[in-house]
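The exercises below are to be worked through with the sequence and the coordinates side by side. Each task is followed by a solution that proceeds step by step.

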Amino acid sequence: MAARDDPKPTPMMAQYLALREEAGDALLFYRMGDFFELFFEDARRAAAILDIALTTRGEHGGQPIPMCGVPVHSAESYLARLIKAGERVAIAEQVETPEEAKARAKREGTPSSKVLVGRSIVRLVTAGTLTEEALLEPRRANVLVALAELRGTVGIAAVDVSTGAMVLEECPADLLGAALARLAPSEVVVPEDWPHGPEEAIVRPRTTFASDAGAERLKAVHGVATLDAFGAFTRAMLAAAGGLVSYLDHVGRGSLPLLLPPVLRETAKTMAMDAATRASLEILESAQGGRAGSLIGAIDRCVTGAGSRLLAEDLSAPLLDTGEIEARLALVQFWQGRPIERARLRDALRGVPDLGRALGRVVAGRGSPRDLGALRDGLAEAARLHHWLSGAPDRPALLDTVLARLTGHGALTDHLSRALVPTPPTERASGGFIADGYDASLDALRAASGDARRAIAAMEARYREETGIAALKIRHNGVLGYFIEVPARHADALMAADSGFTHRQTMAGAMRFNSLTLHEEAARIAEAGGHALACEEAHFEALVAEIVAARESIAATAAALARLDVGAGNAERASEADWCRPEVLDKPCLTITAGRHPVVEAALARSGERFVANDCGLDAHDRLWLIGGPNMGGKSTFLRQNALIVLLAQAGCFVPASAARIGLVDRLFSRVGAADNLARGRSTFMVEMVETAAILAQATHRSFVILDEVGRGTSTYDGLALAWAVAEAVHSQIGCRCLFATHYHELARLAETCEALSLHHVRAREWQGDLVLLHELAEGPADRSYGLAVARLAGVPASVVARAKAVLAKLEAQREATGGIAAGLGDLPLFANLKPAAPEPASPEHQLAEALRAADLDALTPREALDLLYEWKRNLPKAAR
């Protein structure tokens, strides 16, 4: 910034520039009175994002200083917009009062007229470190991730700072993208000079990612001598944890947020899905962005934000343990069979505050009296739910586990109930949140303050009588304190030297005065009020300390309430549309009766239409379905619905089907649809091939793969060849369950050589020139593609369709004459039996060229050169002589 070269900046500007340097790439919110001000380039950036006026203030370096500001009382709304726009913000607050600044100046021998109130950056506001309610989405976790690589393995430390939930895991470097897609972090922190992190990652010194330092930091945070009780963390995990805690310490300026004991996440215990699969299935976000149109948007019936966040976590990491899956399903079935009790539970949960996030704010030092009230009310409701549900018969095991975590806070709840008013305020600076009767000394201070106010009211009446001025009033503001105000026409009587009043301020139409008696009463009010505020502040800190001491058990109660909400919400969704409890087995099967797509079915229901259900049956002897049929016939929907049913089942949810037997799926792959990735220079076909390559490299015999139109985007011959080879590889090399949709009718010949492949198609009929799509799946190959009928349905001009029909007739006649483009493919050996072709012998011309290159012409005698020419001529083919 050129303006920083000014040789003699003002004291305020010098202070600002020093803080600006410290803030780095973050915008600097510089506190000046009731505003946060931004200057120079910060002001330009912020004004453009916030759509606020950009002004100037004075000069620096011979140029006007660009400036804009936002009010402190509404700063959160502006911060939310800046963070959403990808900015980071450094908050510079006043860290001393004007009186303290003057006292410091006196100690330093500085003239008091030149002293500047001290300011420091007290916090960096970043996307991954938000705790304020106004800055967070209630139904979405806000995850901060740190990455560290050790010998090819990437350690991952993830935390939701708003609730303190922390997870450590690791993965191979080539699977990092899939892990980040599952976590969906708001912010990623990586070591400097590490090339594998996301482009938008925050870079931190590599020294902060040391595994030994990470272990020590975690021990210090949790006050333990060893981490063994938390889990067997690897060096890579601890290195990532070290970087994470260091970053949190950096943005908090030495103050750490709530961090619960880290949980070890084993990748082998959850279903793997890469980023392309998650995007294709639109699990947490639709292709258009947002929850609308996504899987979670269609199934989420949770009544609390914490429940929705837990459901998103369940859907992001479906389980591989049948015992854990059955435990979740049993909880859903328990509530599905009790509609009256379920409605009562959901009504109770609607009134429960977000305990996890309130706790996070309190522990981070950003809590308010209202957060204390939220913890009081939430813990009290948890205890009531425990008392009610403990008497329920036939409770599933997971419900008993949840109930055990809802109690144990009786003393804390009682203390908070006695200490706080029924509805505490959001701000504590003005007091008024400690209940009457809790502290006798506080009650006495409040009484003294109240008596003084009554005395002032009596004084106002007395002054009116003594002066005869009926319009005389005693008012108060933040600058003058208490003062006497009379209309200007009555001011002469109070201006007299012996009136007992002292002139303070002249206003348009009014004059303000003070008196000794008023001054004494005001002092009494200020003293009593100040002592009362200090007393309430002390009680607040004591209550916070009590909550911090119980933070882990409170967090466990918050998690238990969320699990209750998820179980009841899933039961509500299942009851709405008659979903079934899936049977999850540890065998390679997938038998779904009358399966539906949850998102499409919900969309059709809103328009009064019915979804056409279809069956799916895959097993060891029929594990690859080749599905043909016209576009818009429902192939892609059928593929996706079965993948989503598998995902829902392993997440512990009921599924949209009449019956379902699901064999555990270790990896789920979806290559359905693709879009150009122009930012990376990838075409649709390139994206398709990259995703297909990932499937062929990573899928196992326990995986479930859905493939749609592999080979499109290139020539017909290339596309068919690729589709043929991919289908053979999935069938004969991987051996997994797979649904493969295609328009290449020639692939039907694979059924002759692939014993576990069967042919299916979506049904369609032409009636009186119109195409009727039945959306039903039937056995056997498709008889035709109906491409021209679909084109006509889409509005392609009739002349173009007619011309296409003539071209098609000629092509089909030629295909009949030649045997089609797949002629001879049936004679190829299976993919698995192909052997590398033997190298062809070199041609005589090639041999001659190699001999010429090998000859050392400078060393040959004339005789040797002539003999060499004769030899080469003899070796030439006759036609070339």
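**Exercise 1.** Which residue is the bridge partner of His60 in S4?

Solution. The model is a predicted one, in which local features need pLDDT of at least 70 and side-chain atom pairs count only at pLDDT 80 or more, while totals for chains, interfaces and linings use all residues. Residues are numbered from 1 along each chain as its sequence is written, and side-chain values use heavy atoms, with hydrogens and water left out. Begin with the strands, which like the helices are DSSP runs numbered from the N terminus (helices H or I with at least four residues, strands E with at least two). Strand S3 (residues 55-60) pairs with strand S4 (residues 63-71) in the antiparallel sense over 4 bridges, where pairing requires that DSSP finds at least two bridges between two strands. The partner of His60 in S4 is Gln63. Finally, inspect the turn: the hairpin of S3 and S4 has 2 residues between the strands, and Gly61 takes a positive phi near 65 degrees there.

**Exercise 2.** Determine which parts of the chain the salt bridge between Arg20 and Asp42 ties together.

Solution. A salt bridge is a side-chain nitrogen of Lys or Arg within 4 Å of a carboxyl oxygen of Asp or Glu, and by this rule the count comes to 45. For Arg20 and Asp42, the closest N and O atoms are 2.3 Å apart. Because Arg20 lies in helix H1 (residues 11-23) and Asp42 in helix H2 (residues 40-50), the pair ties together parts that are 22 residues apart in sequence. Both Arg20 and Asp42 are buried, where buried means under 20% relative accessible area, exposed over 50%, and partly exposed in between (1.4 Å probe, protein chains only).

**Exercise 3.** Is Glu536 buried or exposed, and how does Arg446 compare with the cut-offs?

Solution. First establish the pair: Glu536 forms a salt bridge with Arg446, with the closest N and O atoms 3.1 Å apart. Since Glu536 lies in helix H19 (residues 516-549) and Arg446 in helix H17 (residues 440-467), the bridge ties together parts 90 residues apart in sequence. Glu536, with a relative accessible area of 4%, is buried, whereas Arg446, with 23%, is partly exposed.

**Exercise 4.** Describe the surroundings of Gly243, found in helix H7 (residues 235-251).

Solution. At 0% relative accessibility, Gly243 counts as buried. Leaving aside its neighbours within four places in sequence, Gly243 is in contact (heavy atoms within 4.5 Å) with Ala146, Thr208 and Phe209.
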